[in-house]
Amino acid sequence: MGHSATSAPDTANLSPQKMVAELIQIADYISHVRGEIAALRANEITRDRIPMAHEELGNVLAATAGATNTIMESAEAILALPDDADYRAGVEAQIYTIFEACAFQDITGQRISKVVEALRHLELRLARFATAVRARDDAGLDPAEAARKERAERLILNGPQSKGPATAQDDIDALFA
Amino acid sequence: MALDLSMPILVVDDYQTMVRIIRNLLKQLGFEEVDDASDGTAALAKLKGRKYGLVISDWNMEPMTGYELLRHVRADEGLRTTPFIMVTAESKTENVIAAKKAGVNNYIVKPFNAATLKSKIEAVCGA
């Protein structure tokens with residue numbers, strides 16, 4: 001369409017025919033945006049996909065915490081075993097428990113894949129919508145994000161690096177030598 | 001100077017699993033008196049109520065981070081000489097340098113092993 005949604009035409013100098021044409025263009029644009037909003041399927045995202053992602057990630061957290069707890073309990077039990085004739089049997093029993101606990105990795109992997117798929121859908125729909133309505137982001141950050149960023153900068157909260165430590169332990173040790 | 005295995009150690013981390021790991025490693029090293037706190041605020045309260053021989057702290061915690069805890073400890077007349085080891089996933093050089101400037105005695109990057117923890121404790125508390 002000729003006019004963007006934000007640039008109002010000078011209606012005082014328009015002929016009735018041009019005004020009708022402008023109104024038709026605006027109506028077309030509104031219809032187009034409504035179509036894009038419908039294609040976004042925002043209700044489906046908020047009703048199904050986001051709650052599903054929350055639930056799956058919650059399950060992943062619970063499964064990893066449960067497995068970690070089981071593995072640590074077994075390790076602590078091994079450390080506490082008396083050094084007697086039953087020691088090997090006791091260790092083996094705990095090791096089998098550890099093997100069983102490690103099965104969480106397969107299931108959590110599948111759960112995370114579902115979340116990644118949901119995020120991919122969300123990304124595609126938002127990207128299509130943003131292109132269709134020529135969306136532009138507001139300048140600046142929202143207050144909550146600005147406060148989070150300020151705290152992270154002030155307290156040097158970089159978090160874990162994606163490919164291992166940014167500085168090797170040996171290099172850190174050299175600073176303290 | 002041998003390590004004083006009877007000295008109380010305060011482990012500060014918001015992840016109970018990590019507290020448990022460090023507790024077990026310390027136990028393997030022979031330390032029996034291990035206490036814990038889930039963030040800097042809780043740690044500071046414990047430090048003011050009891051004399052600890054060593055603080056082992058994570059960096060990224062809420063509401064008070066390990067970095068803030070370190071600065072509070074070093075600014076407190078009664079606590080400033082308490083040995084302090086940072087154990088953290090914050091591995092950027094700026095973090096290490098900031099902690100060193102703030103008075104940390106040693107710095108361990110997660111994930112770590114028992115040998116690393118032992119060597120740092122020995123370096124800080126005297127072996």
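In the predicted model, Asp58(B) is in contact with Val12(B), Asp13(B), Asp14(B), Met18(B), Gly66(B), Val87(B) and Thr88(B), when its neighbours within four places in sequence are left aside. The residue sits in the loop that joins β3 (54–57) to α3 (66–75) of chain B. Asp58(B) is buried, because 26 other C-beta atoms lie within 10 Å, where 20 or more suffice for that class. An unreviewed UniProt entry lists Asp58(B) under "modified residue: 4-aspartylphosphate". UniProt, again in an unreviewed entry, places the feature "domain: Response regulatory" at residues 8–125 of chain B. This span is 47% helix and 18% strand, and its end C-alpha atoms lie 12 Å apart.

The largest nonpolar core contains 35 residues, of which Ile9(B), Leu10(B), Val55(B), Ile56(B) and Met86(B) touch the most other members. Helix α1 (residues 16–29) of chain B supplies the largest share of this core, with 5 residues. For Ile56(B), the contacts beyond four places in sequence are with Ile9(B), Val11(B), Ile22(B), Ile85(B) and Val87(B). Leu29(B) also belongs to helix α1 of chain B. Leu29(B) has 15 C-beta neighbours inside 10 Å and therefore counts as partly exposed. From Leu29(B) to Val124(B) the separation is 95 residues in sequence and 15 Å in space, C-alpha to C-alpha.

Between the two chains, 21 residues of chain B are in contact with 17 residues of chain A. On the side of chain B that touches chain A, the elements giving two or more residues are α1, α3, α4 (93–102) and β5 (106–109) of chain B. The most is given by α4(B), with 6 residues. By class, this side of chain B comprises 6 nonpolar, 9 polar and 6 charged residues.

Tyr107(B), in strand β5 of chain B, has contacts in both chains. Leaving aside neighbours within four places in sequence, Tyr107(B) is in contact with Ile172(A) and Phe176(A), and also with Met86(B), Val96(B) and Ala99(B). Tyr107(B) is classed as buried because 25 other C-beta atoms lie within 10 Å. Tyr107(B) and Phe31(B) are 76 residues apart in sequence, and their C-alpha atoms are 20 Å apart in space.

In chain A, helix α4 (residues 104–132) has 29 residues, which should span 42 Å at 1.5 Å a residue; the end C-alpha atoms of the helix are 42 Å apart, so the expected and modelled spans agree. Arg134(A), which follows α4(A), has a positive phi, near 50 degrees.

The predictor assigns the complex an ipTM of 0.87 and a pTM of 0.78. Chain B has an average pLDDT of 94, with 98% of the residues scoring at least 70. For chain A the mean pLDDT is 88, and 93% of the residues reach 70 or more. Among the elements of chain A, the lowest mean pLDDT, 90, belongs to helix α1 (residues 16–40), and the highest, 95, to helix α3 (residues 87–101). Over residues 1–5 of chain A, pLDDT stays under 50, and the model has 7 contacts beyond four places in sequence for these residues. Where pLDDT is low, predicted coordinates should not be read in detail.

Conventions: Residues numbered from 1 in each chain as written. Chains lettered and ligands numbered in written order. Predicted model: local features only at pLDDT ≥ 70, side-chain atom pairs only at ≥ 80, totals over all residues. UniProt positions renumbered as here; feature names shortened; annotations may be inferred. Helix = DSSP H or I, 4+ residues; strand = E, 2+ residues; numbered from the N terminus. Buried ≥ 20, exposed ≤ 12 C-beta atoms within 10 Å, placed from the backbone. Expected span 1.5 Å × (residues − 1). Core = buried A, V, L, I, M, F, W, Y, C linked by C-beta atoms within 7 Å. Nonpolar A, V, L, I, M, F, W, Y, C, P; charged D, E, K, R; others polar. pLDDT = per-residue confidence, 0-100.
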